[in-house]
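Biologist: I am new to this structure and would like to learn how to read a few of its features. Could you take me through them one at a time?

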Amino acid sequence: MLKPAKRNKDETNTILKNISAYAQSVNSEYLNTDVINEKINATSNIEERKRLMGIKKNYLKILNFLNKSDICQYDLPELPNGKIYLSQEVFEKLQSYAKKTNSKDHEFGCYLFGKEIKNNTILFDDFNKTQPQIFSTEFNTSEEMEEEIIEKIDSKKIDCVCHVHTHPYRGGMVYSSTPSNYDLFTYAWFQEQHYNPNNRISFMGALITPPEPGKSTYNDICFIFYDRNTKSFYKITNIWYFSKNKEPIKLEKKQYDNDTKKVILLYQKNDIKTGN
């Protein structure tokens, strides 16, 4: 994972436009090189092999771009009136992922299901029960998870789905708490191409980064929303969770510091300490 470089606004916008364009046009299945290699090896037709090799060459270039971490989520504009509520059960689930991430040095993740209770205010009170696909050290969606997502969508009991995953703490630098271009591509692809009857479902993403082991108990979390209409990315940092006695408590707000290359706390009033 690469450290985000300092970029001016025009450079950042160009990168985000490229990610959006790929999300609208790229068949994400072919971004898995194992899949396209299987298709190449399965055909004896010379012209078809040439066609597939051309696709692979193009997608390898795209993958090289997507595997970088060019954008700090805290540089994204805040979603107007954006607010996230997490039920106690969901919050404890995310807390457990953050704790396991550092001990295993492995990404963990899940999908959250929720409802928009008023404009740009979402309550997530459920998560997938099926297991992810374990590939290397990354979180990957399994076929069973995808089936569960579709089942939830078809139930018409939800209108929001969130792809959540963790990044292990790596040296305290900001790259461990920023999404890769591929993460942003995933959030946008869900909005642009995922099964979504009548565009009823809003898809988004969230990244959780646990703190340096033994030094702090604050986990960093930021939600990211891609607007399919404007092709724009937004952050949501106004995040609340419900305590055992159903009291809403605000999570700490953080910001990327360009000078120290670290994410710093802006305030800690009513913050939640996690990782214990």
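Modeller: Let us begin with a pair of helices, keeping in mind that this is a predicted model. The axes of helix 3 (residues 46-66) and helix 6 (residues 181-193) come within 7 Å, and they cross at roughly 110°.

Biologist: How should I read the angle at which helix 3 and helix 6 cross?

Modeller: Angles of 65 to 115 degrees count as roughly perpendicular, and helix 3 and helix 6 are therefore roughly perpendicular to each other.

Biologist: Which residues of helix 3 and helix 6 meet?

Modeller: On the side of helix 3 they are Leu63, Phe65 and Leu66, which meet Asn181, Tyr182 and Phe185 of helix 6. Sorted by class, this contact between helix 3 and helix 6 has five nonpolar residues and one polar residue, with no charged ones.

Biologist: What sign does phi have in most residues other than glycine?

Modeller: Most residues other than glycine have a negative phi. In this model, Asn199 has a positive value, with phi near 50°, and Asn199 is found in the loop between helix 6 and strand 7 (202-209). The relative accessibility of Asn199 is 48%, so this residue counts as partly exposed.

Biologist: Where does Lys231 lie, and what is its phi?

Modeller: Lys231 lies in the loop that runs between strand 8 (220-227) and strand 9 (232-236), and its phi, near 60°, is a positive value in a residue other than glycine. With a relative accessible area of 33%, Lys231 is partly exposed.

Terms used:
Residues are numbered from 1 along each chain as its sequence is written. This is a predicted model: local features need pLDDT of at least 70, side-chain atom pairs count only at pLDDT 80 or more; totals for chains, interfaces and linings use all residues. Side-chain values use heavy atoms; hydrogens and water are left out. Axes are lines fitted to C-alpha atoms, for helices over the stretch in contact, and angles run from 0 to 180 degrees between N-to-C directions. Helices (H or I, at least four residues) and strands (E, at least two) are DSSP runs, numbered from the N terminus. Angles under 35 degrees count as roughly parallel, over 145 as roughly antiparallel, 65 to 115 as roughly perpendicular and the rest as oblique. Contact means heavy atoms within 4.5 Å. Ala, Val, Leu, Ile, Met, Phe, Trp, Tyr, Cys and Pro count as nonpolar, Asp, Glu, Lys and Arg as charged, and the others, Gly among them, as polar. Buried means under 20% relative accessible area, exposed over 50%, partly exposed in between (1.4 Å probe, protein chains only).
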